[in-house]
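Q: Got a minute to go through this one with me? I'd like to jump around a bit.
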Amino acid sequence: MTKNVLSVKDMVVMFDEFVALDHVSVDVATGESFGIVGESGSGKSTLLRAVAGLNTFSAGALSINGQSYSGRSRSKDFYRTVQMVFQDPYGSLHPRQTVDRLLLEPLAIHGFDNVDQRIMRALDEVGLGSGFRFRYSHQLSGGQRQRVAIARALILEPKVLLLDEPTSALDASIQAEILNLLEQARKDRGLTFVMVSHDLGVISHMCERLAVMKGGKVIETVKADALERRDFSADYTRQLLTASEGFRRV
Amino acid sequence: MSDRLLTVEDLRVSFPTRTGEVQAVRGVSFTLGRERLGIVGESGSGKSQTGRAIMGLTPKHAKITAKTLNFAGRDLLAISDRERREIRGKRIAMVLQDPKYSLNPVSTIGRQIIETLKTHERISTAEAKARTLAMLEAVQIRDPERVFSLYPHEVSGGMGQRVMIAMMLICGPELLIADEPTSALDVTVQLEVLGILDKLVAERGMGLIFVSHDLRLVSSFCDRVLVMYAGRVVEELPSADLSKAQHPYTQGLLNCLPTIGSDRHPLPVLDRKKEWAL
Ligand SMILES: Nc1ncnc2c1ncn2[C@@H]1O[C@H](COP(=O)(O)OP(=O)(O)OP(=O)(O)O)[C@@H](O)[C@H]1O
Ligand SMILES: Nc1ncnc2c1ncn2[C@@H]1O[C@H](COP(=O)(O)OP(=O)(O)OP(=O)(O)O)[C@@H](O)[C@H]1O
Ligand SMILES: [Mg+2]
Ligand SMILES: [Mg+2]
């Protein structure tokens, strides 16, 4: 058993000349919940996408569950281990497919049994009743769509979940339900989370440690309780914390 | 009130679906002056569909009715499609919840904003480009020149939202409907973007409907807040009085936010009562 289920070392991602990830290193222990915060455009989604094989990295190393990966190729097995919830549920859910199809597809690919039961349970878990099963995704509200995306990631019972702003489209009551659900799933199944959010309240609630990103780099990695004690060195982290207290008219 | 921009009375929107009719909006009424009105509410409660109905973006197969849907003296349900198009974009603009989805994937961001501008104003391409770059800068895009030439899939989530805001503000609308305009933005940028919207309301007298699920944000930013639940407005409050909310849904919302330093596992959740949806 390796201690770190996910290890990223000196990862570089380029888009033409633009350096989106600049030697990023992150280690996440098995069963840990790891947060990523940072300003818009700092490379948070790019990091998750590179881990998931959706962006190529041109330098550095990636290892998951002791296995090394490069480029964009990922085995079928990889997707049973790692699932991702995207920031933009519109991009990830085909609008002309029913919720049923969207949930069935991954189950079929990976040869799961009891598909009916699994689909019903998954919908139930994310607070969407069976009434939504045969809706098309373009017939759903923003938050309903996000919940379908979460259900689809959980339905394969992965070990590692990459969550990109999973609740930023949800109202507080449904956010609370989803966060509880995610925490429970983590406890029950020993899941590991890597979670991007701009909401420091959510990160401090869900994560044990977090990385702060800026301009394609990780500028610091701190324990979550450091937020409470305001014990961190980067100015940006301080700005984030002040800003999270709400809008002030000047 | 002569300053009134918008009157909505008994607005209803419903969709036929395979499993029966979905009533997305069930009799919403409110008025708007040159102010900031917040709409919060649970996911699926009809916030976006309310905004879309005002904007004239309700899907064709849906049924939409209202006793009154009046913008600056015009009956929005009675005017011709052509008049609608003239108002849309120029006088009423809407930042859609799904920014990237609403951008054209095969055209660069710069080209799309210029196009919007040229549909409504007669100006040279050079001037349009200059204004586009200035607008991108105003919404705190760090390197406007680079973003100008990117395609929608090449920008981050937060950049996409700001691009949409820039595109909607560039024609100087009198009414802006912003549907979750800042939900993907990190808090520091979020506040900068709100600052821009705030200035437009204060200086140009724009009316703003700000749809958000973030109560904390709405109460610090808007003058008034409507709370929606299951297609209806269940409560209307001055923002300052949010903590005095009466409806159990609103009260519940205030209680289930995770905050730094509070250790509540699991978070309290709402016990939704059937009668709330009556
Ligand atoms: N396919 C691409 N082509 C060109 N540039 C890209 C591409 N994908 C991402 N980028 C750039 O990489 C940078 C980082 O983007 P990323 O989506 O990782 O940001 P982020 O930290 O997730 O931001 P946000 O909080 O706004 O979602 C941005 O400047 C973006 O424009
Ligand atoms: N084309 C459609 N066909 C059927 N039902 C629809 C359609 N579009 C929306 N709905 C339903 O209408 C209701 C209201 O949707 P709306 O998008 O207005 O919600 P919302 O309040 O904006 O929610 P969110 O906070 O999740 O974005 C939802 O229950 C949704 O499923
Ligand atoms: Mg992102
Ligand atoms: Mg919506």
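A: Sure. One thing up front: this is a predicted model. As a starting point, Pro266(B) sits in the segment that follows α10 (248-255) of chain B.

Q: What's the peptide bond from His265(B) to Pro266(B) like, cis or trans?
A: That bond is cis, and its omega is near -10 degrees. As background, most peptide bonds are trans.

Q: OK, metals next. Which protein atoms are the donors of the magnesium ion that is ligand 3?
A: Ser45(A) gives its OG and Gln87(A) its OE1, and they lie 2.0 to 2.2 Å from the ion. Ser45(A) is in helix α1 (residues 44-51) of chain A, while Gln87(A) is in the loop between β6 (82-85) and α3 (89-92) of chain A. The two are 42 residues apart, and the pair links distant parts of the chain.

Q: Are Ser45(A) and Gln87(A) buried or exposed?
A: Both Ser45(A) and Gln87(A) are buried.

Q: And the magnesium ion that is ligand 4, what are its protein donors?
A: Ser48(B) through OG and Gln97(B) through OE1, lying 2.0 to 2.2 Å from that ion. Ser48(B) comes from helix α1 of chain B and Gln97(B) from the loop between β7 (92-95) and α3 (99-102) of chain B, so the pair ties together parts that are 49 residues apart in sequence.

Q: Why does Ser48(B) count as buried?
A: Its relative accessibility is 19%, and buried means under 20%. Gln97(B) counts as buried too, because its relative accessibility is 16%.

Q: What about the rest of α1(B), how many of its residues are buried?
A: Eight of its nine, so α1(B) is mostly covered. Among the buried ones are Lys47(B), Gln49(B), Thr50(B) and Ile54(B). Just after α1(B), Gly56(B) takes a positive phi of about 80 degrees.

Q: Switching to ligand 2. Which residues come nearest to it?
A: There are 20 residues around ligand 2, and the nearest are Ser141(A), Gly143(A), Gln144(A), Ser43(B) and Gly44(B). Chains A and B both supply residues around ligand 2, so the site is shared between chains.

Q: What polar atoms lie by the oxygen atoms of ligand 2?
A: One is a polar side-chain atom of Ser43(B), which is 2.6 Å from a ligand 2 oxygen. Backbone polar atoms are there as well: one of Gly46(B) is 3.0 Å from an oxygen of ligand 2, and one of Gly142(A) is 3.3 Å from an oxygen of ligand 2.

Q: How much of ligand 2 does the protein bury?
A: 95% of the 640 Å² that ligand 2 exposes when taken alone. The elements giving two or more residues to its shell are α6 (142-154) of chain A, plus β1 (6-17), β2 (20-32) and α1 (47-55) of chain B.

Q: And by class, what's in the shell around ligand 2?
A: 13 polar residues, four nonpolar and three charged.

Q: Last topic, backbone oddities. Where is Glu157(A), and what is its phi near?
A: Glu157(A) is in the loop between α6 and β7 (160-164) of chain A. Its phi is near 50 degrees, a positive value in a residue other than glycine. For context, most residues other than glycine have a negative phi.

Q: What about Glu180(B)?
A: Phi of Glu180(B) is also positive, near 50 degrees. Glu180(B) sits in the loop between β8 (175-179) and α8 (187-204) of chain B.

Q: How do Glu157(A) and Glu180(B) come out on accessibility?
A: Glu157(A) is partly exposed, with a relative accessible area of 34%, whereas Glu180(B), at 5% relative accessibility, counts as buried.

Notes:
Residues are numbered from 1 along each chain as its sequence is written. Chains are lettered from A and ligands numbered from 1 in the order in which they are written. This is a predicted model: local features need pLDDT of at least 70, side-chain atom pairs count only at pLDDT 80 or more; totals for chains, interfaces and linings use all residues. Side-chain values use heavy atoms; hydrogens and water are left out. Donors are N, O and S atoms within 2.8 Å of the metal (3.2 Å for Na, K and Ca); water is not among the atoms, so sites may look incomplete. Helices (H or I, at least four residues) and strands (E, at least two) are DSSP runs, numbered from the N terminus. Buried means under 20% relative accessible area, exposed over 50%, partly exposed in between (1.4 Å probe, protein chains only). A residue is near a molecule or strand if one of its heavy atoms lies within 4 Å of it. A polar contact is a pair of N or O atoms within 3.5 Å; within protein, one must be able to donate a hydrogen and the other to accept it, and residues adjacent in sequence count only if both atoms are side-chain atoms. Accessible areas come from the Shrake-Rupley method with a 1.4 Å probe; for residues, only the protein chains shown count as cover. Ala, Val, Leu, Ile, Met, Phe, Trp, Tyr, Cys and Pro count as nonpolar, Asp, Glu, Lys and Arg as charged, and the others, Gly among them, as polar.
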